[in-house]
Amino acid sequence: MYVVPGASCRALSEAVAKSLGAKVARVELKTFPDGEVYARILDDLTGEDVVVVQTTLGNDRLLELLLLLEAASGRDARRIVAAVPYYAYSRQDERFQTGEALSAAVVAKSLGLWADGLVTVDPHKDHILDFFPGDAVGTSAIPELAAHFAAQGVDLVLAPDAGARGRAAEAARLMDVGFDHLEKTRLSGEEVVMRPKELPVEGKTIAIVDDIISTGGTMAKATGQLFDQGAKAVYCAATHGLFIGGAVEKLTNAGVAGIVATDTIPSSHAVVSAAPAVVRGVQEVFAKKTKKAVA
Ligand code: R5P
C-alpha cells in the first residue's frame, strides 16, 4: 500500500502511512507562473492500494487532489482512496436558495471520477458522503479530542447548536461528564446570535466542541454567554481549525482558556493528531467491497 501525500497534509500523511504500514509515495507538486497546479507521482503504483491524503482548504489544494487521484489512476493503482481530512465545500450541502450550486455534490462527484473510496473526518453533515459514487466513510476525531481533555478537569461539554449535539455527546461520554447544547442561529457567514439558555455552568470548566472553527464567531459568542453565567474557564475545541481572519484573536479576547484543533488543517493550535481517525476510516473503506475489489 502507498500513501500519496498532498501538499496540505505532509506530516499527517507520514503518520497515516506509518500506522498503516504503507510506503509514502514520492510526488512532485508545483505551481506554474500562471497559477496552474501540477502534480506527478514518481513511484510505480501498479496493482497497489493507494490512499491520497489531502485537505482541500483552498481551491488549489482541491485541484491538486484531483490531479493526484488521476495520476494514481494513470500509475495503474489497484484501488484508490481519497482521504480528505478536511472536506471543503461541505457546508454548501443543500440548495439553500434557488439556483445555488450544490457544491458538496460537485466535489464528491469529481473525486469519484478517479477515487474508488472516500474518507473524511467529522464531515459537517454525514449526508454529503452520499454524493460520492463509491464507498464513503465519515470517521471522527472526537475520541482523540476527548483524550486531549482528560487532564483539563472539564466539568461539562457543550455543543454550540443542536446540530453539533451528537459530537458533543460523544465527547462527553468519553470524558465521563455531562453535556448540553447552546441555541445558535446563523445570520450570515460572519454573524451568529446565541439565544440565552440557562445552564449549570457557574464555577465550572467547560469545553465547547464543534466540527469547525472558521471565523471564531460561534465560539466567541458562546464563550461570552458562558462567562456571563459564571463559568470559571472555557476551552474551545474543534476537529477543523480554519481560523479565518482574526479568529484566534477574537477567541483570545473572549478569554478562552485554550483553543484546540486537530491537524486536519495544520496550525499552531492543531495539537491533536487526526491520523488515528484517518486510519480507522481508511481501514473501514478498504474493508468494504469497492468496485475494483469486486471486479
Ligand atoms: C456550522 O454549522 C459549523 O458547525 C460551525 O459552527 C461553524 O462553521 C463555525 O463558524 P464560525 O467559526 O465562523 O462561527
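**Exercise 1.** Decide whether R26 is buried, partly exposed or exposed, and then find its charged partner.

*Solution.* Start with the accessibility: because R26 has a relative accessibility of 47%, R26 counts as partly exposed, where buried means under 20% relative accessible area, exposed means over 50%, and partly exposed lies in between (1.4 Å probe, protein chains only). This is a predicted model, in which local features need pLDDT of at least 70 and side-chain atom pairs count only at pLDDT 80 or more, while totals for chains, interfaces and linings use all residues. Residues are numbered from 1 along each chain as its sequence is written, and side-chain values use heavy atoms, with hydrogens and water left out.

Next, look for the partner: the side chains of R26 and D43 form a salt bridge, with N to O at 3.0 Å; the term stands for a side-chain nitrogen of Lys or Arg within 4 Å of a carboxyl oxygen of Asp or Glu. This pair links distant parts of the chain, since R26 sits in the loop between β2 (23-24) and β3 (27-31) and D43 in the loop between β4 (37-41) and β5 (49-53), 17 residues apart. Helices (H or I, at least four residues) and strands (E, at least two) are DSSP runs, numbered from the N terminus. Finally, D43 counts as buried, at 12% relative accessibility.

**Exercise 2.** Determine which residue forms a salt bridge with R40, and which network R40 belongs to.

*Solution.* The partner of R40 is E28, and their closest N and O atoms are 3.6 Å apart. R40 lies in strand β4 and E28 in strand β3, 12 residues apart, and the pair links distant parts of the chain. R40 is partly exposed at 42%, and E28 is partly exposed at 27%. Widening the view, E28, K30 and R40 are linked in a network of salt bridges.

**Exercise 3.** Find which residues touch the most other members of the largest nonpolar core, and which element gives the most to this core.

*Solution.* A nonpolar core is a set of buried Ala, Val, Leu, Ile, Met, Phe, Trp, Tyr and Cys residues joined through side-chain atoms within 4.5 Å. The largest such core has 33 residues, of which I41 and L111 touch the most other members. Turning to the elements, α2 gives the most to this core, with 7 residues. As a last step, follow I41: leaving out residues up to four places away in sequence, I41 touches residues including V4, R26 and L68, where contact means heavy atoms within 4.5 Å.
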